Amino acid sequence: MDCVCDCSDYSNGQANAILFNILSRGESTQNEMNYKRVPQTCHCEKRRKVCLKTPNETCQVASDVLVKTMHFMKSLPAFQQLPPKDQLSLLQNCWAPLFILGLAQDRVRFEVDDIPAPSMLKRILLNNQETMNSDQEQPTMAGVQTLKACLKKFWSLDLSPKEYAYLKGTVIFNPDVPGLKASLFIEGLQYEAQHALKEVLVPLHPEDRGRFARILLAASTLKTITPSLITELFFRPVIGQTDLLDLLVDMLFSR
């Protein structure tokens with residue numbers, strides 16, 4: 001059976017036309033048919049759609065991490081002093097990086113499985129609309145690999161709880177988030193968190209002068225992972241079509 005790559009420009013041409021394929025099969029030599037049976041490396045290998053291999057177990061662990069993440073934000077007195085709109089803006093900007101740091105801190109491991117591609121008949125019957133929407137929402141292997149690479153970087157650093165706490169502070173208090181009313185105050189909070197992180201490294205790693213830079217470098221990879229990947233991979237199986245951000249807002253402002 002031929003492997004059709006959706007990412008190939010050639011697939012849009014005559015070579016993948018149904019009539020052309022039918023006519024071409026009659027002219028193919030035995031060697032060509034044998035060649036087609038050999039597994040080929042697909043250019044869209046990393047675009048494969050994936051889902052969690054053990055969704056019940058992994059989603060439960062992810063939910064626990066998310067609850068702890070929100071509790072951490074709510075427990076910061078400086079965060080509670082900010083205007084509600086600034087709190088909301090910071091939440092929207094930082095919840096995914098904070099969640100990833102929570103996965104790293106708890107050393108959460110997970111595996112994924114491929115999602116079978118929809119049949120041509122299904123694409124025709126649905127007029128491509130529903131299928132295209134689901135393709136956009138489903139996590140890809142490339143996204144999962146990026147997430148796992150990020151987690152491995154933090155695991156290799158073996159951060160202490162204090163290092164994680166201060167690093168989370170630098171992520172939360174981001175003065176570059178658009179529309180902040182207290183951006184100068186938030187900038188000061190970020191500086192304090194970075195300074196506290198640097199100070200805690202002295203007694204913990206007195207001979208490792210480059211550790212602070214490596215931690216910040218690892219933290220810079222957090223933004224390469226989209227909130228949609230986190231949502232669709234870990235929480236969509238649980239919350240259905242509910243907006244995750246709405247749930248996070250309820251968790252943040254509930255008393």
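**A colleague's note on helix α9, the α5–β2 loop and their partners**

1. Let's start with a helix. Lys168 lies in helix α9, which runs over residues 161–172. Keep in mind throughout that this is a predicted model. The span of α9 checks out: at 1.5 Å a residue, its 12 residues should cover 16 Å, and the end C-alpha atoms are indeed 16 Å apart.

2. What is odd about Lys168? The residue is buried yet has no salt bridge. Its nearest side chain of opposite charge is Asp106, 7.0 Å away, and a salt bridge needs nitrogen and oxygen within 4 Å. What the charged end does have is a ring: it sits over Phe72, 5.3 Å from the ring centre. Leaving aside residues up to four places away in sequence, Lys168 touches Phe72, Leu98, Leu101 and Gln105.

3. Lys168 has buried company in α9. Glu163, Tyr164, Leu167, Gly169, Thr170, Val171 and Ile172 are among the buried residues of this helix. Which elements cover them? The cover includes α3 (55–74), α4 (77–80), α5, α8, α10 (183–204) and α11 (211–220).

4. Now step back to the whole protein. You'll find 13 helices and 2 strands, and 37% of the 255 residues count as buried. Among contacts with a separation of 6 or more, 81% are between residues 24 or more positions apart. The next points give some examples of distant parts meeting.

5. Just before α9, look at Asp158, in the loop between α8 (141–157) and α9. Asp158 is exposed, with a relative accessible area of 52%. Its phi is near 50°, a positive value in a residue other than glycine. That is worth a glance when you check the backbone, since most residues other than glycine have a negative phi.

6. Arg107 shares that feature: its phi, too, is near 50° and positive, and it is not a glycine. Arg107 is found in the loop between α5 and β2 and is partly exposed, at 38% relative accessible area. How do Asp158 and Arg107 meet? Their side chains form a salt bridge, 3.6 Å from N to O. The pair links the α8–α9 loop to the α5–β2 loop, 51 residues apart.

7. Asp158 has other neighbours as well. Not counting residues up to four places away in sequence, it touches Arg107, Glu163 and Arg211. Asp158 and Gln105 are 53 residues apart in sequence, but their C-alpha atoms are 8.7 Å apart in space. Gln105 came up in point 2, as one of the residues that Lys168 touches.

8. How many salt bridges are there? A search of the whole structure finds 8. One of them joins Asp113 and Lys53, at 3.8 Å from N to O. Asp113 lies in strand β2 and Lys53 in the loop between β1 (50–52) and α3, so this pair ties together parts that are 60 residues apart in sequence. Both partners are partly exposed, Asp113 at 32% relative accessibility and Lys53 at 45%.

9. The α5–β2 loop takes part in another salt bridge, between Glu111 and Lys148, with the closest N and O atoms 3.2 Å apart. Lys148 is in helix α8 and Glu111 in the loop between α5 and β2, 37 residues apart. Lys148 counts as partly exposed at 23% relative accessibility, and so does Glu111 at 46%. Lys148 also lies over the face of Phe110, 5.2 Å from the ring centre.

10. That brings us to the aromatic rings. The structure holds 4 aromatic pairs. In one of them, the rings of Phe110 and Phe234 have their centres 5.2 Å apart and their planes at 80°, so the pair is edge-to-face. Phe110 lies in the loop between α5 (84–105) and β2 (112–114) and Phe234 in helix α12 (residues 227–239), so the pair ties together parts 124 residues apart in sequence.

11. Are these two rings buried or exposed? Phe110 is buried, with a relative accessible area of 5%, and Phe234 is buried at 0%. Together with Phe99 and Phe235, they form one aromatic cluster.

12. A last stop, at Thr226, in the loop between α11 and α12. Thr226 is partly exposed, at 40% relative accessible area. Between Thr226 and Gly143 there are 8.4 Å in space, C-alpha to C-alpha, although they are 83 residues apart in sequence.

Methods
Residues numbered from 1 in each chain as written. Predicted model: local features only at pLDDT ≥ 70, side-chain atom pairs only at ≥ 80, totals over all residues. Heavy atoms only, no water. Phe/Tyr/Trp six-rings, centres within 6.5 Å; stacked < 30°, edge-to-face > 60°. Helix = DSSP H or I, 4+ residues; strand = E, 2+ residues; numbered from the N terminus. Buried < 20%, exposed > 50% of the residue type's maximum accessible area, 1.4 Å probe, protein only. Lys NZ or Arg CZ within 6 Å of the ring centre and 35° of its normal. Lys, Arg positive; Asp, Glu negative; His and termini not counted. Contact = heavy atoms within 4.5 Å. Expected span 1.5 Å × (residues − 1).
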